[in-house]
Amino acid sequence: MRRSCGPHDLHTMTDRTITHDYADVLESLDAKCYRASATGRIRSDGMWEGWIEFVDLAEDERLRTNIETMQSNERAFRYWAAGVGPAYLEGAFRRATSRASDGSTRLVPPLSPLPRRAVLDPFEVDAQGEGLLAAQVRALDLDRIRDIALAYEVVPPKMAAVATRTELIVEILATIASARREPAER
């Protein structure tokens with residue numbers, strides 16, 4: 001697998017699950033490109049468990065490893081996720097691929113075979129008051145933000161497939177701000 005270097009993006013989701021998105025794009029031997037992320041969640045006993053998920057950028061299919069780590073708290077999980085490097089991701093990819101091929105997991109279709117719906121209308125939320133849109137979009141995970149960007153044609157589909165969570169948020173907010181200014185400029 002090859003990788004391209006880039007920064008990491010860590011964000012928190014509201015259900016006591018956190019995701020650490022790796023900016024590196026991994027390329028498999030059959031030339032498919034994958035974006036990796038580490039996901040951690042709190043268990044009922046207070047421990048944090050984490051796994052690695054790989055999203056095929058062209059087809060949005062997902063592969064997932066079994067539990068890769070158990071940590072005593074959220075901070076320890078964040079530290080573990082930030083320390084995962086290219087060699088570890090390659091091994092995790094092999095484990096996820098093996099898991100999928102032996103039937104212990106299945107490829108999860110991308111954003112589902114049924115059309116996805118955006119969880120909010122950014123124009124409608126923006127009209128309710130300044131700052132509300134930014135707060136609501138930042139509370140969403142990458143897939144929900146991507147749904148909004150695609151549904152409201154904020155970015156082209158190919159860009160949405162590879163853009164980071166932060167890049168999509170910036171594009172959504174910039175597009176809405178631009179649309180808000182346009183009527184006043186006419």
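## A tour of the predicted fold

Read from the start of the sequence, the chain follows the pattern β-β-β-β-β-β-α-α-α-α-α-α-α. That comes to 7 helices and 6 strands. Please keep in mind that this is a predicted model. The mean pLDDT of the chain is 77, and 78% of its residues reach 70 or more.

Two stretches call for some care. Over residues 1-14 the pLDDT stays under 50, and the model has 43 contacts beyond four places in sequence for them. Residues 103-115 also have a pLDDT below 50, with 21 contacts in the model beyond near neighbours in sequence. Where pLDDT is low, the predicted coordinates should not be read in detail.

Now for the chain as a whole. Of its 186 residues, 42% count as buried. The accessible surface comes to about 10300 Å², and carbon and sulfur atoms account for 53% of it. Among contacts between residues at least 6 apart in sequence, 47% join residues at least 24 apart.

Strand β2 is a good place to start looking around. In this strand, residues 17-27, 10 of the 11 residues are buried, so β2 is largely enclosed by the rest of the structure. Its partner is strand β3 (residues 33-42): the two run antiparallel and are joined by 8 bridges. Within this pairing, His 20 stands opposite Ala 38 in β3. Asp 21 is also found in strand β2. Is Asp 21 buried or exposed? Its relative accessibility is 10%, so Asp 21 counts as buried. Asp 21 and Glu 53 are 32 residues apart along the chain, and their C-alpha atoms are separated by 9.5 Å.

Next, the nonpolar interior. The largest nonpolar core has 18 residues, and those with the most contacts inside it are Ile 52 and Phe 54. At least two residues of this core come from each of β2, β3, β4 (48-56), α1 (74-83) and α2 (86-101). Helix α2 gives the largest share, 4 residues. Apart from this core lies another, of 17 residues, including Leu 140, Leu 142, Val 155 and Ile 172.

Phe 54 deserves a closer look. Leaving aside neighbours within four places in sequence, the contacts of Phe 54 include Leu 26, Tyr 34, Leu 63, Leu 89 and Phe 93.

The structure holds 6 aromatic pairs, and two of them are set out here.

| Pair | Centre to centre | Angle between planes | Arrangement |
|---|---|---|---|
| Phe 54 and Phe 93 | 5.2 Å | 80° | edge-to-face |
| Phe 77 and Trp 80 | 5.7 Å | 35° | tilted |

Because Phe 54 lies in strand β4 and Phe 93 in helix α2, their pair ties together parts that are 39 residues apart in sequence. Both Phe 54 and Phe 93 are buried. Phe 77 and Trp 80, in turn, both lie in helix α1, 3 residues apart, about one turn of the helix. Phe 77 has 0% relative accessibility and so counts as buried; Trp 80, at 17%, counts as buried too. Ring pairs also link Trp 48, Phe 77, Trp 80 and Tyr 88 into a cluster.

One last stop is a loop residue. Most residues other than glycine have a negative phi. Glu 153 has a positive phi of about 50° although it is not a glycine. Where is Glu 153 placed? Glu 153 sits in the loop between α5 (142-151) and α6 (157-162). With 69% relative accessibility, Glu 153 counts as exposed.

Note on methods. Residues numbered from 1 in each chain as written. Predicted model: local features only at pLDDT ≥ 70, side-chain atom pairs only at ≥ 80, totals over all residues. Heavy atoms only, no water. Buried < 20%, exposed > 50% of the residue type's maximum accessible area, 1.4 Å probe, protein only. Pairing = 2+ DSSP bridges. Contact = heavy atoms within 4.5 Å. Areas by Shrake-Rupley, 256 points an atom, 1.4 Å probe, with all protein chains shown as cover. Core = buried A, V, L, I, M, F, W, Y, C linked by side-chain atoms within 4.5 Å. pLDDT = per-residue confidence, 0-100. Phe/Tyr/Trp six-rings, centres within 6.5 Å; stacked < 30°, edge-to-face > 60°.
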